[in-house]
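Trainee: I have a new model open and would like to learn how to read it. Could you take me through it, feature by feature?

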Amino acid sequence: MKLSHLRNQSVNLSRGAVVALVAALTACGGGGGSGSSGGSGNRGTELRSTQFVVNQSLGSVSFAGGNSLNLSLSPGAGAFHVGDDDQDVFYTVTDRGPTIPCSETAEVIGVANFCSGNGSVFALPDFTPRILRWKLDESGNNLTLSLEETITLRDSFRNPAGGLPNGLQSAADERAFDNSGNDLGTNPNGIDPSALVRLDNGKFWVAEEYGPSLLLVDTDGEILQRQVPQGIRDDLEFSTYDVREDVLPGILARRKLHNGISALALSPNNDFLYFIMRAPLNKANGQAADGARIVRIGKVSLNSDGSANALEGEYLYRLDSASQFGVKASGQGDLDGDNFVDQSEVTINEAAALDEDYLLVVEQADTVSKVYRIDLSDAVSIQGSEFDSPSTSPSLEERAALVDYPFVVKQPVFNSMVNALASGLSALGPRIEGMALLSSDFAVLTNDHQYGIRGGSAKMVLVPLVSLTRGLPRPSSVQLSYEDSGLIESGAGFDAGGADAVATDSATSRGFVANNAAARVDVFNLTSPLSPSLSSQINVADAAAGLGLTAGKITDVAVRGSFLVVSVANADLQANGLVAFYDLTTLGIQGSFQVGAGPKSLMFDPTADRLFVANEGVPNSGYNIDPEGSVSVIDFRAGVADATVETIDFQDFNSDGSRAAEVPAGLILSGPGASVAQDLEPDQLAISQTGAELYVSLSENNAVAVIEIATLTVESILALGNKDFGEAVAGLDTNNNGSVEILPRPGVVGLYQPAGVAGYRFGSNDFIVTANTGAPRQYSGFNEVVPAEDLDGFNGPNIDSDNPSISAASSRQEIGALQVSRETGDTDGDGDIDLISAFGGRSFSIWDAQGNLVYDSGDDFARITAAFHGADFNDRDQASVGLGAKAKKVSLITTGAQVYALITLENSGGIMVYNVTSPYGVQFVQYLNNRNFASDPQFDTGDVGADEIALFTTSTTAYILVSNRRSGTVRVFELSTTASS
């Protein structure tokens with residue numbers, strides 16, 4: 001989405017200056033808001049997209065034995081607009097002043113070890129944090145920004161509060177040094193502001209990071225009270241203003257250094273103050289939790305005079321993964337060389353309220369800024385729970401998810417990596433820390449340029465950010481619950497195939513289940529969806545006999561118009577299978593057709609009466625018969641009686657074929673003696689949202705084929721490459737030892753090998769969603785699977801000596817038991833294994849139309865299932881050496897403007913739900929699983945082996961049906977929505 005009408009200007013403020021003149025605008029353009037979020041209407045200067053550079057010199061500072069730095073004011077640690085003010089007036093606040101961490105003095109001032117320990121150089125020790133009032137004006141076509149008022153923050157005796165550290169004993173603190181390297185000591189009055197709001201009575205609330213604290217500030221800058229976490233007050237006994245412990249839980253004292261309260265928001269009626277921590281808290285031992293992503297949001301009720309009354313709620317916000325701030329394929333966004341930035345760089349920088357409990361939140365890594373909408377009105381509070389206790393272990397921040405405390409719903413508004421700014425407006429850049437909502441269209445964003453210590457400029461940018469929320473309902477999400485579910489039971493035993501596939505017909509209120517235990521399709525009445533009843537059965541043997549075939553397994557069922565369609569494999573898997581059409585009213589057979597070997601899945605053409613069939617073409621056990629994989633097209637536009645069958649094959653990609661040169665590097669072709677057409681094994685099908693392409697997952701080949709529907713030709717084969725299990729966001733458990741040990745493993749990769757596939761659009765672009773199952777080839781005649789310890793030069797090829805996990809591969813306590821490929825991973829052709837290649841991505845992914853990875857869920861599935869099931873994750877920790885949770889199928893559903901991916905987990909059981917509306921802002925929504933684990937899975941209760949998903953709707957309600965292959969059950973869930981899911 002383009003934010004239009006840019007004007008770019010500079011504001012040069014000499015020290016102490018009040019009014020600044022700016023360059024003339026070359027054109028007007030843009031539209032002012034029709035009213036602000038607080039009701040200011042269109043009063044004041046007309047707003048438009050504009051960028052100001054604020055230059056207020058703070059002079060030059062020399063450092064003993066080092067460089068001199070020219071410093072300038074950084075005015076925007078936080079920003080706020082009062083709803084009743086004119087839309088051209090806003091406030092900002094500075095932080096504690098220019099500082100340089102001792103660890104960075106060599107880089108910044110040219111002197112290594114300038115100061116020691118956990119400390120910072122305070123370039124201007126006497127700098128006083130201040131609140132600034134700004135005014136936008138217009139003169140002809142000129143837009144000006146003026147500094148109207150400076151309010152110095154002071155103690156009860158009118159002395160400047162200062163910005164030096166407090167000398168806290170109950171929370172992490174640091175030492176302060178001057179420009180000669182001398183210790184400056186501490187100041188119990190010192191504050192490090194990071195956000196502000198202004199009350200209707202003229203007072204302010206200011207957030208600061210040392211305590212962390214909430215400061216109630218009078219109109220003239222006097223600090224009336226400082227609210228600190230319980231247990232901190234005694235550390236500040238010599239403060240010369242009122243220090244209280246009325247509202248902040250003591251657990252907040254475990255904030256990381258420089259990561260206190262970073263964001264404030266105020267409800268329009270001034271009844272509630274919201275605060276958000278910048279980053280996850282430390283663990284009980286004071287160390288950061290690796291990869292932690294959970295931050296806390298607090299809601300404080302205010303008294304009529306604006307003072308704090310009580311903490312009313314404490315909620316959980318899940319930060320985006322660091323991998324969501326960069327795209328390696330294109331080099332976009334925040335990357336550290338070939339890697340993603342560290343998760344610790346992802347922070348909350350600012351917030352603002354659109355309404356009571358309805359907030360905008362700024363999330364940032366380095367240069368990429370994101371704005372999300374959240375709604376707390378239906379959120380679940382952890383206040384008073386065990387997670388407010390410092391003794392809880394593991395702490396909240398060490399967990400990937402909590403069973404009873406879901407995250408607040410996030411929905412994207414803006415992402416600087418993909419949403420274009422107005423023409424000529426420079427990138428927002430790093431450290432966007434202030435956001436004030438000026439009107440119903442525009443916001444002003446401010447950055448922290450760190451006082452020019454590393455160069456750069458202080459910016460204030462007007463963008464029509466608020467307009468992107470106009471007309472949107474409050475954020476809500478789909479929600480599934482076993483309390484609102486029903487059950488279809490096949491009566492088959494465990495692993496007997498009682499529920500291998502499922503389809504529905506909303507028009508006739510029926511569900512169809514492939515029951516291979518009885519070699520039939522069971523038909524269920526869904527008139528009362530949560531109380532389904534068996535109404536009839538369909539025996540498929542007759543359809544096979546009519547073609548002179550012997551029926552094997554029923555592989556898929558689908559419904560279109562007046563037809564139920566069933567695909568059936570041949571009893572001889574290497575021979576042709578069949579597809580049968582049944583009348584939906586009478587369930588009588590209308591026609592049956594031979595298709596390729598091993599029909600696996602069905603998909604109707606949305607533009608015409610045609611059916612696509614993925615024919616897997618699996619080899620026999622001895623791997624000496626290997627039929628070609630293909631896609632059959634049954635065209636029944638002239639009626640089923642006159643239907644034709646056409647085959648789309650891959651023969652042109654064979655070594656002697658016309659398209660051999662188009663076989664992509666990285667496509668896995670490991671079958672002994674197989675041609676490309678024989679080696680490719682189509683699995684699942686999906687249609688692009690435009691209806692122009694058919695996506696075909698090629699699981700064993702680690703690829704997706706794209707077929708142009710208009711011409712029924714293969715457009716391309718997209719090789720998906722490897723998932724780096726060495727990334728901090730993509731660890732895996734490699735042992736079936738009854739312990740949760742999810743660790744990054746450098747030099748180990750995963751072959752995505754998706755089964756489930758789906759397609760949708762974001763903006764004007766197509767995206768492909770895959771469930772990364774894993775598909776090792778294990779036959780008596782060919783077996784590529786070995787434990788990593790067998791990559792030793794005797795039982796399998798050697799591992800290259802440069803692989804960082806070569807030693808770990810020799811130990812079963814490390815990765816020695818991990819099932820890997822002996823055929824894949826020799827990247828330089830010298831015969832050894834350069835990349836240790838495991839099977840499956842243990843995730844789901846989103847790819848662009850060219851096959852470039854845009855999003856991967858990393859190790860979410862492992863961490864979230866472990867949070868719910870402990871050591872029973874990964875199928876009682878018996879699948880950690882194999883495919884992990886085993887993502888099997890993916891289905892997309894749309895509600896309102898939101899798109900959700902539902903991913904079934906075959907090994908662990910259950911369903912993962914993610915909001916994928918924006919592939920650049922994917923959000924975990926929910927995991928649900930009612931499986932109770934026994935020592936032997938056949939004695940498990942609940943649903944086991946989740947596989948296919950089908951959607952069913954009535955006039956008022958939507959449902960999904962989930963087939964569970966191992967337990968032989970189908971779960972019927974009612975789809976509801978909630979603001980916290």
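Mentor: Gladly! Let us begin with a definition: a disulfide is a pair of cysteine sulfur atoms within 2.5 Å. Keep in mind that this is a predicted model.

Trainee: How many disulfides does the structure hold?

Mentor: One. Cysteine 102 and cysteine 115 form it, with 2.0 Å between their sulfur atoms. The torsion about the S-S bond is -120°, and the link of cysteine 102 and cysteine 115 is left-handed. This pair links distant parts of the chain, 13 residues apart. Cysteine 102 sits in the loop between β6 (99–101) and α1 (105–109), while cysteine 115 belongs to the loop between α1 and β7 (119–122).

Trainee: Are cysteine 102 and cysteine 115 buried or exposed?

Mentor: Both cysteine 102 and cysteine 115 are buried. The cut-off to remember for "buried" is under 20% relative accessible area.

Trainee: Let me step back to the whole chain. How many helices and strands are there?

Mentor: The chain has five helices and 64 strands. For overall dimensions, look at the C-alpha trace, which spans about 100 × 65 × 55 Å along its principal axes. Then compare the radius of gyration with a rule: a compact globule with 981 residues would have a value near 30 Å, and the chain has 31 Å, so the two agree.

Trainee: What share of the residues is buried?

Mentor: Buried residues account for 62% of the 981 residues. Contacts tell you about the fold in another way: of those between residues at least 6 apart in sequence, 59% join residues at least 24 apart. As for the outside, the accessible surface comes to about 33300 Å², and 43% of that belongs to carbon and sulfur atoms.

Trainee: How do I read burial along a helix?

Mentor: Go residue by residue. Helix α4 (residues 860–869) is mostly covered, with seven of its 10 residues buried. Among them are Phe861, Ile864 and His869. Just after α4 comes glycine 870, whose phi is positive at about 60°.

Trainee: Which residues other than glycine have a positive phi?

Mentor: Two examples will help. Glutamine 450 has a positive phi of about 60° although it is not a glycine, and asparagine 702 has one near 55°. Glutamine 450 is in the loop between β29 (443–447) and β30 (458–463), and asparagine 702 is in the loop between β46 (693–698) and β47 (703–708). Now check their surroundings: glutamine 450 counts as partly exposed because its relative accessibility is 26%, whereas asparagine 702, at 1%, counts as buried.

Trainee: And where would I find cis peptide bonds?

Mentor: Look at omega. The bond from glycine 211 to proline 212 is cis, with omega near -5°, and a cis bond also joins serine 393 and proline 394, with omega about -5°. Proline 212 lies in the loop between β12 (204–208) and β13 (213–217); proline 394 lies in the loop between β26 (369–375) and β27 (410–415).

Trainee: Could we finish with one residue in its surroundings?

Mentor: Try leucine 164, in the loop between β9 (142–152) and β10 (175–177). Its relative accessibility is 12%, so leucine 164 counts as buried. Beyond its neighbours within four places in sequence, leucine 164 has contacts that include Phe122, Pro125, Leu184 and Tyr210. The C-alpha atoms of leucine 164 and proline 125 are 7.2 Å apart, although 39 residues separate the two along the chain.

Note on methods. Residues are numbered from 1 along each chain as its sequence is written. This is a predicted model: local features need pLDDT of at least 70, side-chain atom pairs count only at pLDDT 80 or more; totals for chains, interfaces and linings use all residues. Side-chain values use heavy atoms; hydrogens and water are left out. Helices (H or I, at least four residues) and strands (E, at least two) are DSSP runs, numbered from the N terminus. Buried means under 20% relative accessible area, exposed over 50%, partly exposed in between (1.4 Å probe, protein chains only). The radius of gyration is taken over C-alpha atoms; the globule rule is 2.2 Å times the number of residues to the power 0.38. Contact means heavy atoms within 4.5 Å. Accessible areas come from the Shrake-Rupley method with a 1.4 Å probe; for residues, only the protein chains shown count as cover.
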